[in-house]
Protein chains: 2
Amino acid sequence: MKNKLTAPMNITGETRVYVVVGDPIKQVRSTELYNKLAADKGLDVVFIPLHFSAADSEAAIAGFRVFKNLDGIIPTIPHKPAFLKMVDELTPRAQMVGAVNSIRCTDDGHWLGDIFDGVGYVNGLLANGRSPAGKSVLLIGSGGAGSSMAFALAEAGVGRLLIFDTIMDKADRVAAGVARYFPAVEVSTGEPNPRGFDIVANATPVGMAIDDPFPINPELLTPHQLVTEMIMQPEVTKFLQAARNIGCDTQVGYEALKGQAQANMEFFGLK
Amino acid sequence: MKNKLTAPMNITGETRVYVVVGDPIKQVRSTELYNKLAADKGLDVVFIPLHFSAADSEAAIAGFRVFKNLDGIIPTIPHKPAFLKMVDELTPRAQMVGAVNSIRCTDDGHWLGDIFDGVGYVNGLLANGRSPAGKSVLLIGSGGAGSSMAFALAEAGVGRLLIFDTIMDKADRVAAGVARYFPAVEVSTGEPNPRGFDIVANATPVGMAIDDPFPINPELLTPHQLVTEMIMQPEVTKFLQAARNIGCDTQVGYEALKGQAQANMEFFGLK
């Protein structure tokens, strides 16, 4: 079972600490994957969840600043904007996306921010033999995950990218950014009609809650399209299940998480 | 090997967090014991080390105040005084000792401080069939561990207690406290001559460093005395080794840690 990764751990005062921060926190499963990857490599590190509200992020960050054995922070919802402001430096990728979801804290107190949602998503596609190069993608959502995916798909050579967001200004901003950095990509924004797209990617959290609507009407999907999620729980969302029923190929959120964890481990120097 | 307790862990967003704080931190080994005890009980908790300087304790504590999944704090050197000031409530034992080395953080943000060094030490004696009841004890050191041990030994019915400290005022204060709460105990302060004592207890950190002197001259020890340490590393201090060479019975610091961990787990409600 993918969601039960037990890691043999031996945490002492020499163990280096990484925190995954969010509010809520209970849905977080990335820690078990990171701990398993680290344990497999024989590394003396531990990834733990820390729960605080957005209103308390300043106090939390002030604390993090003084923890000398804290080597990394993985901000999730709703803390990404606060940590974006707090890092000392952004990688070119994070500058491009305008967001961070990983911070490397060096011993001299320097915080470097990068973002791996999109990279992880593309790594997930590649690991399963589904290169997005030259493909057409309907991207639903242009928030933290969505914007990161847009840039990563562009970097991976996607042919055509249509971005939809319920706040269309956000989608327009991401599309403009992709057009600026990747002029070869045919990028636009518009209504989320999946007809004719090779890949339909849900980058919204719609589908996490049992009574959520579909992110888009699944009846518009056609067989042989690849439909993907970033949602981790449930592993198979109602939308993915509907896509499967139609005959679509699917990728669960966990595949993107695995791809992200690998990229993030490298960023943290955990080899 | 006692110092390699691997615990099978599965840390997710539902895992509750406990921190052991200190400066330095590398010598901390209690986390592996707590994690092992918790894993054996099937509890979804993790104990991690956090390293910050005494000068940064205010920022660290402000951070701890906002971590909603933080259930407990174990302050070690040099943070005990700062946390003593920060707790909302002290148990009667912590009031008596005037120190804390364990804080239970409840969901409503209430911090309750207790102290278990001494209880753990006595638990270690009892677990090895060495009840201090009616015995005479030379206690070397009246700091955090020493004062806690003085009260725990008194509570366990020790007959006679002599407390020595290089700062004699400290020893006098602890002796006065013990006399007040446990009038049946013959308690005094004075030079650390072990002659005639059943138990010689080192409660100082002298012996942690390789070039440390002896806490007291081991040549004054006599066979069949019980000589005990609170130091965790090295497991067998130079002083304990000298005592063994003379023919003394010994108790290593790890035994007190085990006794302390059991008491502390109960305090945290980790059953």
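Q: How many residues does each chain give to the contact between chain B and chain A?
A: The contact takes 39 residues from chain B and 39 residues from chain A, where two residues are in contact if their C-beta atoms, placed from the backbone, lie within 7 Å. This is a predicted model, in which local features need pLDDT of at least 70 and side-chain atom pairs count only at pLDDT 80 or more, while totals for chains, interfaces and linings use all residues. Residues are numbered from 1 along each chain as its sequence is written, and chains are lettered from A and ligands numbered from 1 in the order in which they are written.

Q: Which elements give two or more residues to the side of chain B that touches chain A?
A: They are strand S1 (7-9), helix H1 (30-40), strand S3 (45-51) and helix H2 (57-66) of chain B, with helices (H or I, at least four residues) and strands (E, at least two) taken as DSSP runs numbered from the N terminus. The largest share, 7 residues, comes from H2(B).

Q: And what is that side made of, by class?
A: The side of chain B that touches chain A has 20 nonpolar, 11 polar and 8 charged residues, counting Ala, Val, Leu, Ile, Met, Phe, Trp, Tyr, Cys and Pro as nonpolar, Asp, Glu, Lys and Arg as charged, and the others, Gly among them, as polar.

Q: How many bridges join S1 of chain A to S1(B)?
A: Strand S1 (residues 7-9) of chain A is joined to S1(B) by 3 bridges, and the two run antiparallel; strands pair if DSSP finds at least two bridges between them. Pro8(A) has Pro8(B) as its bridge partner.

Q: Switching to chain A alone, at what angle do H5 and H9 cross?
A: The axes of helix H5 (residues 117-127) of chain A and helix H9 (residues 253-267) of chain A cross at roughly 115 degrees and come within 7 Å, the axes being lines fitted to C-alpha atoms, for helices over the stretch in contact, and the angles running from 0 to 180 degrees between N-to-C directions. H5(A) and H9(A) are therefore roughly perpendicular to each other, a label for 65 to 115 degrees, whereas angles under 35 count as roughly parallel, over 145 as roughly antiparallel and the rest as oblique.

Q: Where are the domains of chain A?
A: The domain assignment, which is automatic or from a database, gives domain 1 (16-115) and domain 2 (118-256). The C-alpha centres of these two domains of chain A lie 25 Å apart.
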